[in-house]
Each structure stands twice: as C-alpha cells, then as structure tokens.
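I sat down with this one to see how its ligands are held. My notes follow, in the order I looked things up.

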Amino acid sequence: MKKLLIKNIKGLVQVGENIPKVIKGLEMRNVPILENAFLALEDGEVVAYGLMEDWEGIDDWRDLEIIDASGKYVLPAFCDSHTHVVFAKSREEEFVDRINGLSYEEIALKGGGILNSARRLNEMSETELFEQAKVRIEKMKSYGTGAIEIKSGYGLSVEGELKMLRVIQRLKEECDITIKATFLGAHAFPKEFKENHRGYIGLIINEMLPQIAAEKLADYIDVFCERNYFSVEEMEEILLAGAKYGLIPKVHVNQFSILGGVKKAIELGALSVDHLEEIDEQDIAALKNSECMPTILPSCSHFISIPFGNARLMMENGLPVALASDFNPGTTPTGNLGVVWSLACAKMKMTPEEALNALTVNAAYSMGLSETHGKIALGRKSPILITKEIPSLAYIPYAFGDQHIEQIIV
Ligand code: NIG
Ligand code: FE
C-alpha cells in the first residue's frame, strides 16, 4: 500500500464530511478551510485529515511518503465540465479577423468557425488527434484540472463524429484522470446540409446515435441551440432521440441570443445549461425549479468579446453556478482554469470562494462526478492539488496568469 502524508498545510481547502452536492446562492460564499492541517492518503484514498495540533504522529513508516506543505494550500483538483479539447488545428487567423473588426458570427457565416475546424478534423488521423489532445490534457492537469468533459462536434459527418468519440474513448482509457464524453453532432449544419436541416438531423438521429450507443461512446448529448445553428424545436428532437439511448443533455444555450432553449433543455432533463452570456427572467425562473446546473464560461466571453454571464444575478436568485473553460480553437484557446477563476472574480464579481465552489463542487455535479470529485472527504479518491507557497487563497485568482499549482496528485 502506498501511503502519503501531507503535513503543515497552510490551508486544507474544500474539506469536510457535510459539503452538499450542489452549493447554491449565498452558500457559495463559504468554503471550508482547515488552517495548519494534515491530510493522509492510502493508495490515493483519504484516510484522515485534521489540524496539525491534533495529529497523532506516525506509527508505521513503511512505504510512507511525506510532503511538507508549509506555506502551501491543498485543494481538490478542479473539474472542467465543458471542453472541446479534441480538435485538429488552432484558428489564430480568425482571432486576427476579429481584431480587424469581424464578429464571431460573421466569421462563421463566411465558412470559418466550427466548419473550419470540421474541415481540418476530417483530414486528420485518429492517432494524430489523440496525440494532440493528450498533450493538451497534460497541460490542463498542470494548471489544476483533475476531470474533463470532452465534446465531439468537429466531425459533423458519421465517420467524423465517430472518429472524435473514439479518440475521446481512448483518452478515457489512457489518461490518469476521469474523462466524460459528450456527443455534439448538432454543433453546426455542415455546408452540404445548409439548406437541408432535415437531412442532417436525420443523419444524427438515424446514423450517428445508434452507432454511438452500440459502441457506448458517449455519456451525454449536447446541441448548440442558437440562431444560425439549431432551433429550440430541432434541439428538442435531437435530445429526445438521445434520451432513447439514455444520453443526458448538457447543452450550449444563450451564447448570443435567447431563444427559449434554457427552459426546453430543463424540461428535457438537462444536467447543465452552458454559456448563458444572455439570460432573462424566464430562464432564471426555469432554473430555480430545476436540478440543472447553470454553467458559465468566462474565458469564452473574454476571448471573443461578448458579455460575461451574470453569475451575481443567478446567485442572488438562490441558484448554484458552475464555471468551465470551454477550451476550443475558436472561442477559448486555453484550458487554464486558473484564468477562468481570475476572470470570474475580476469580470463577473464572484468572490474567490464563490468561484472556487463553482470550479469544484458545482463543476463536479455538472459532469456527474459528485460522488468522487470536487471536495476532500474521508473515503474519497479524488485528485488533489498542492499550490506553491502563496500568501492566501485569494492570491490565486488575484495574481492572474501565474502558475500557482505546484503539483496535482491523481
Ligand atoms: O462553446 N458555441 C459553440 N461552440 C464553441 C465554439 C466552437 C468553435 O468556435 O469552434 C463554444 O464556444
Ligand atoms: Fe462549448
């Protein structure tokens, strides 16, 4: 048995036996922290923690590793519940187009955006896609991410979508952190189906879904519900088809416009509704009566210059909030959740504690990992982070752009 003792921890964060599965509203302001603490793990499982003054010493030193965490914080690894890390190529030329005045929507309308990535992905081999995604995931881990949801959606053809999902399957098998797969065939209409929505939706429902289900390639199903993409009715049809195979919805809604997708997705049992840069009273009301996690993606807002989600309004209404990276080549070319933490504080006025709850407990919920991730508690084997020596927890989002994570233990 491999034993690990982390001692003299400046702050052991998000620790305890009574932390709820979802942290809502005003409760989000609180994060339990033990100061000057220890944490003991056996084969990665938490077997004891407490204050240093209550530590009873060691009677069995065999196979024991000790880490002295003086001046450092220990916290549960972040969960990234919304990413597109399997992609073929970066899209900095669109970034330059935006600097020169085009909007994300205008670039997409002239064949850039998601269709640009789909073209590249269909030209690339499964092996190369896998190798590239693996490198991205290692980098994300170094920034503190301990679980990742990954979407398809750059295939937009039967072969392309299956290829992406098989890559994600292989990442699940070969990465040492938990990965969840989401089928996002309804990310955009491919060029040949631009005027034939029925044709593409037929392909999703009759060709893609049965094969994905047969090979057990997806945990969730997603639709980009947005003007010029999928309407609320189209989303409903696709989500209902996914439900026949047990796929739970996690959807892209309200990024640019409010179409009524939030309410509809909740009716259809969505675990999370993601983006929400735009939101209205009906959306808030629908969320209030649900178990659906509103998930905000501040690095996307930052990068393509659209409004930041109104997390304060959600929390004032007693709602929980989760944060995720949205790592993708178009709207968020980084999976650094430290950056997300900073943006949430500086731009969305979330306190460091609120944002941390959104990156841990609530993010774990929104990817179905409440039982294993997002907090430190007895009997759990969740990945944990050790920071560098830092003056306070708030220093992490404050000193943005710096690497504050010294080590992730998975
Ligand atoms: O979440 N909005 C839809 N999907 C992605 C962007 C995809 C892309 O531009 O490649 C997002 O922002
Ligand atoms: Fe996304």
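I began with the iron ion (ligand 2), keeping in mind that this is a predicted model. Its coordination comes from His 82 (NE2), His 84 (NE2), His 252 (NE2) and Asp 326 (OD), at 2.1 to 2.2 Å.

Next I checked how these donors are spread along the chain, and the spacing reads H-x1-H-x167-H-x73-D. His 82 sits in the loop between strand E6 (78-80) and helix H1 (92-99), while Asp 326 sits in the loop between strand E13 (322-323) and helix H12 (337-348), so this pair ties together parts that are 244 residues apart in sequence.

Then I turned to ligand 1. I found 15 residues around it, and the closest are Arg 91, Tyr 104, Tyr 154, Gln 255 and Thr 331. Sorted by class, that shell holds 4 nonpolar, 9 polar and 2 charged residues.

Which side chains place a polar atom by an oxygen atom of ligand 1? I noted Tyr 154 at 2.6 Å and His 252 at 2.9 Å. His 252 is also one of the iron donors. For a nitrogen atom of ligand 1, I noted a polar side-chain atom of Gln 255 at 2.6 Å.

Is ligand 1 covered or open, I wondered? On its own it has 330 Å² of accessible area, and the protein covers 100% of that. Last entry: the space ligand 1 takes up is the second largest cavity.

Methods:
Residues are numbered from 1 along each chain as its sequence is written. Chains are lettered from A and ligands numbered from 1 in the order in which they are written. This is a predicted model: local features need pLDDT of at least 70, side-chain atom pairs count only at pLDDT 80 or more; totals for chains, interfaces and linings use all residues. Side-chain values use heavy atoms; hydrogens and water are left out. A residue is near a molecule or strand if one of its heavy atoms lies within 4 Å of it. A polar contact is a pair of N or O atoms within 3.5 Å; within protein, one must be able to donate a hydrogen and the other to accept it, and residues adjacent in sequence count only if both atoms are side-chain atoms. Accessible areas come from the Shrake-Rupley method with a 1.4 Å probe; for residues, only the protein chains shown count as cover. On a 1 Å grid over the protein atoms alone, a cavity is a set of points where a 1.4 Å probe fits but cannot get out, and a pocket is an open set with protein on both sides within 12 Å along at least five of seven lines; lining residues have an atom within 4 Å of a point. A molecule sits in a cavity or pocket if more than half of its atoms lie within 2 Å of its grid points. Ala, Val, Leu, Ile, Met, Phe, Trp, Tyr, Cys and Pro count as nonpolar, Asp, Glu, Lys and Arg as charged, and the others, Gly among them, as polar. Donors are N, O and S atoms within 2.8 Å of the metal (3.2 Å for Na, K and Ca); water is not among the atoms, so sites may look incomplete. Helices (H or I, at least four residues) and strands (E, at least two) are DSSP runs, numbered from the N terminus.
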